[in-house]
Amino acid sequence: MSDTHAESVAFVRETSLPPAAPPVAETGIVKWVRENLFATWANGLLTVASLYVIYLILRATMPWLFNGVWNASSLAECREILQGTTGGCFAVLTERWNQLLFGFTYPTELYWRPLVAFVLMFVALAPVLFFDLPRKLLIVTGLFPFIAYWLIWGGSIFVPVFVLVGFVVGYLVYVRFEKVSFAAGFFGGLAAAVVVWTVSGAITPSLENVLALEAVPSRDMGGYMLNMMLGVTCVSLSLPIGIALALGRQSSMPLIKWICVIFIEFVRGVPLITLLFVANVMLAYFFPPGSGVDLFLRVVIMITLFSSAYIAEVIRGGLAALPKGQYEAADSLGLDYPQAMRLIILPQALKISIPGIVNIAVGLFKDTTLVSVISMFDILGMIRGPILASTEWNGVYWELLGFACVVFFVVCYSISQYSQWLERRLATDHR
Amino acid sequence: MSTTTDPQGGTFRLSMLLNDTRYRSLTMQVIAAVVLALAIGYLYSNLVTNLRAAGLNISYAFLGNPAGYDINQTLIDYSSQSTNLRAAVVGILNTLLVAFLACVTATIFGVIAGVLRLSNNWLVSKLMAVYVEIFRNIPVLIWIVIIFTIMIAVLPGPRAFRGDDPESRMLLDLFAFTNRGVYIPGPYFTRGIGGEEGSILNWLMVIGVLIASLFATRAVTARANATQAATGVRPNTLWTNLAIWFVPLIALLFVLGLTWEVPALKGFNFSGGIKVGGPLIALWFALSIYTGAFIAENVRAGIQAVSKGQTEAAGALGLRPNRIMSLVVLPQALRVIIPPLISQYLNITKNSSLAIAVGYADITATLGGITLNQTGRAIECVLLLMLFYLVISLLISAFMNVYNNAMKLKER
């Protein structure tokens, strides 16, 4: 039909025009700024106000941060170097880093031991956190508590080795009798382990100096290391206890159920600081006379009880979220209670509870700073106690507290990012 | 045909205690009870032995003895001659005071931050995300210490306010921020009951008037609802409500002769007005911004939980935006927000025990701190302390259960 047009009009365009560039206001950064920063008058005002706030914060912190003094031996020397200009006195960090990280009495020449334990911790955690790694790495995870104990506290290697042997023997007995019944396996394993521990406890003193590292008592430990030790130990110990409590709370046996309910509600009803008071002033009365359980262990016991109650509630949520059909399916397969729990219920319930457990872990790690109140010298205790009280660094608040903020933020933020990644990773529905 | 596999009747054999489902749970519970009794007995015998060795006994008589220490911030009369029990009550009131103040401000911070985080404005929402992440990931104890340090190390001493050309000035000539605390104007009644000293009755009257106003406004709203249901036209209640709130209150305050006493520098320190101590402010503010970050996340989750279809459906019914917010979105969002909000309030109450780190005299610092150290009654003090927090949290969770039942979706 184009022929008709060719005869009736002077010109017909036979190819389409190239697309024109969109108006400047509708593309790229201009459009983005208009839509996201200045969509309305009120929005624009908010943007300007936020920019002003950011400017204020930067103006206050940037000179302090970048004009800082990293090399001085006291606050007075810092001020001399700065000569009235604004700047942080970060020399306190370069001079006292060891106290901030390890506490003020851990022997300087032994710093490599906690450091090795710290690096090993990542190797041990990796297979737990990332499922794609080879499963063989779990052996490191299993050995880590014993190696870490030996490295940090020192002493004869036979103490952790015998404890490990107890666990291994217990496990072997459990595997042998588990076929008969779970209870027989569990209690048989427990009994075997206790026998091994009792026997080895008797022969350990004679092996005191064999393959021994220099022993460090736990009252010499402090700084950020103490926070890490408390956090890692208590979270890992409270997981099994939390699972047991959650299952107990779901139990059909009234006595077991009420023991668990009372324990959980009691612990969740009181602040952690009162439990730390218990560890500090009261718990010693409940141990046999003359046992002399040290403060670190008492604090670990109380924090573990504290976090296991919270973890139990999270796992109970996971158990309750499972469809009833899963329980019935397990029953109809003829599985008994331990089998049903281990093979069907717990794997799914724990998967649902992971984000909650991670939240508890982050909260618990932050709460380890509370031990500074009962005069243990964790990082905050070190800052408020020995460092700020020293004549050289009296008055260096912001650099020290800022450092504490940074180390906690780094750890807690990465854990919460990991949890979000894991949640996306584990989301098997709604693909 | 019977489906049960248990042997019917027959003789009872001992092995049935473990293998028969009818008896097994009983066996388990008996074992658990025995183990529990043994554990408690063991711990108790240790306790008795240790106490005897230390020459101690369990007695609460110390509560009646004079406390012998001063408390700088008290809500009721207290002197060092008062009993330990009274010191504990002062502590309880201080705990409740800081918990209440922090709950209010944390809610305000949290709601503002949570709503702004959902803002269309990219910069504002990112700023709020940064606020939430920074405050959630750093321990609250560090925040308390930081703000306390600001209070004592950055703010000027009262001396700086002195002279003709002072280094520091009072804000609006009403508020003085010093390193000994913040001084704010204090209200008192010139013509009130009990003369210049003032009596609690005056404040009870004010509260009574406020409660009466509350009921009156509710009656007005109910009548407006009835009118709307009958005629379809909703009467404007704004001005009536404002009048009900403010006219009686202002009249009462005028009759009582409300006056503000402004703090003034006398000698080495400020006097007059109300002194809010540095530890209280540090604890209050730190708990507020820290918990505010958590509440912001709850608020955001609650608002996001209301599906957009609800807003659109309400719009399609012809509701105006503010009515959509108050009648459709908020009731549904609140159902999601309030339970975690209440548990945040519980957290604030429990975290207020960190007062001991900055020397604010709450129950942990009085009963669990100074009284414990002076009397050496560790077990009694810690038990009482736990009992107090337990009662508070049980009360709050009981309230939460009542609320949840009231707000539960009524399914038919």
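This passage describes chain B of a predicted model, one of its helix pairs, and the contact between chains A and B.

Chain B contains 12 helices and 7 strands. Of its 412 residues, 29% count as buried. Among contacts in chain B between residues at least 6 apart in sequence, those joining residues at least 24 apart make up 63%.

Within this chain, helix α7(B) spans residues 238–256, 19 residues in total. From first C-alpha to last, α7(B) reaches 28 Å, close to the 27 Å expected at 1.5 Å a residue. Just after the helix comes B:Gly257, with a positive phi of about 75°.

Helix α7(B) has a partner in α6(B), residues 200–231. Two packed helices are described by the angle between their axes and the distance between the axes. Here the axes come within 9 Å and cross at roughly 165°. Because angles over 145 degrees count as roughly antiparallel, α6(B) is roughly antiparallel to α7(B). The crossing is right-handed. On the α6(B) side, the contact includes B:Met205, B:Val209 and B:Val220, while α7(B) contributes residues including B:Ile244, B:Trp245 and B:Leu252. By class, the residues of this contact are 12 nonpolar and 5 polar, with no charged residue.

Turning to the two chains, their contact draws 42 residues from chain A and 47 from chain B. On chain A, the helices that each supply at least two residues to this side include α3 (41–66), α15 (337–367) and α17 (397–426). The largest share, 8 residues, comes from α17(A). The side of chain A that touches chain B has 31 nonpolar, 8 polar and 3 charged residues.

Notes
Residues numbered from 1 in each chain as written. Chains lettered and ligands numbered in written order. Predicted model: local features only at pLDDT ≥ 70, side-chain atom pairs only at ≥ 80, totals over all residues. Helix = DSSP H or I, 4+ residues; strand = E, 2+ residues; numbered from the N terminus. Expected span 1.5 Å × (residues − 1). Contact = placed C-beta atoms within 7 Å. Nonpolar A, V, L, I, M, F, W, Y, C, P; charged D, E, K, R; others polar. Buried ≥ 20, exposed ≤ 12 C-beta atoms within 10 Å, placed from the backbone. Axes fitted to C-alpha atoms, helices over the stretch in contact; angles between N-to-C directions. Parallel < 35°, antiparallel > 145°, perpendicular 65-115°, else oblique. Left-handed = near helix turned anticlockwise from the far one by under 90°.
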